[in-house]
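Please look at the sequence and the model below, and keep both at hand while reading the report.

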Amino acid sequence: MPLVALFAALVASRAGVADGSRAGAETFDEEALVRPLPDGKAVFVAHFRQSAPLASRHFESFPKAMAQIARATRVAEAELSFTQGRWDDKRWGRAPVGTKPIGAELWASFHAPPSNASTDAESADAHSEDWDALTAHMGGLFCASLSRMNGREIVVEPALAFSRWNGARDATRSTRRKKHGSLPSESVCVENLTPFLKLLPCRDRAGVAEALASRTTLFGAPYVSMSTLLETTRSAIRGGEWRVVLTQTLTVALDRVAAAEAAPKFRGRLVAAALAGRSGLARVRGGQRQGQPGGEREGEPGRQRERQSRVTIL
């Protein structure tokens, strides 16, 4: 009888560990979009999202540095972007994702400071310290001079901007203080892209990120922008645990020559990424106007062809 009880206890403990690990599981999703532009160029968008428990000390694939930054700065939301060139709305139309200004841009909102900060001045000082720590950490991680974002001529505290809109009247009302800074003169180069790719589980060696292996194609494009969004949220389906969410987006507009050379590779890799990814979504949209080589016959209306491939491997 004692052996049976011991065996039952071991099984129960093993099940408890399994349930705990499942409750605190890390997630990773990737998505890619290729879309032709009216002037012959093509836009390529790579989107990555991963999350993990904020209290974790050991991670399987989530970048530990980002979790440490979230814990050290009490950040609620922080988005850092590096952009080279301008999105041409007149020629290309509306961008698939929000465009960013030239150079480096950082905005962030923070959780309330400790309860011992009783006055508004102490609360403002606490937020300023969090902002300084955030710029120092992010600047060191992404090889950028973000520590210059400490002057009033560069940093502002918007009251209504950067608020999530959910249709409610009080959607823009938030107790979280926000800060925004930009450095238009900050140059964007491979030194910023390499840390961006290092945050991914497989860097640029597998999945959608494999299409980003050509540095000359990316930085020779008329527009390239990469953004990193860090969030800390309370999960509603995992027992109310705090989770850290990292969302990365890269948008590049390829010129005519680069689009013609890279489009077949991008399309093949996107479909392969959907098959190789754990939960990958590859979307390829292609279409040609009437009168273009390979398009529809004369007199037939132009049609847009869209192929979507999604494969989930459990």
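The report turns to the aromatic rings and then to the enclosed space.

This is a predicted model, in which local features need pLDDT of at least 70 and side-chain atom pairs count only at pLDDT 80 or more, while totals for chains, interfaces and linings use all residues. Residues are numbered from 1 along each chain as its sequence is written, and side-chain values use heavy atoms, with hydrogens and water left out.

The structure holds four aromatic pairs, where rings of Phe, Tyr and Trp (its six-membered ring) pair if their centres lie within 6.5 Å, and planes under 30 degrees apart count as stacked, over 60 as edge-to-face and the rest as tilted. Two of these pairs are listed here.

| Pair | Centre to centre | Angle between planes | Class |
|---|---|---|---|
| Phe82 and Phe142 | 6.0 Å | 40° | tilted |
| Trp87 and Trp92 | 4.8 Å | 70° | edge-to-face |

The pair of Phe82 and Phe142 links distant parts of the chain, 60 residues apart, with Phe82 in strand E3 (residues 75-84) and Phe142 in the loop between helix H4 (120-141) and strand E5 (155-156); helices (H or I, at least four residues) and strands (E, at least two) are DSSP runs, numbered from the N terminus. Both Phe82 and Phe142 are buried, a term for under 20% relative accessible area with a 1.4 Å probe and protein chains only. Trp87 is buried as well, with a relative accessible area of 7%, and Trp92 is buried with a value of 7%. Ring pairs also join Trp87, Trp92 and Tyr223 into a cluster.

The largest cavity is lined by Phe110, Ala124, His127, Glu157, Arg177 and Lys179; a cavity is a set of points on a 1 Å grid over the protein atoms alone where a 1.4 Å probe fits but cannot get out, and lining residues have an atom within 4 Å of a point.

Technical notes:
1 Å grid on protein atoms, 1.4 Å probe; cavity = no way out; pocket = protein on both sides within 12 Å on 5 of 7 lines; lining within 4 Å. Buried < 20%, exposed > 50% of the residue type's maximum accessible area, 1.4 Å probe, protein only.
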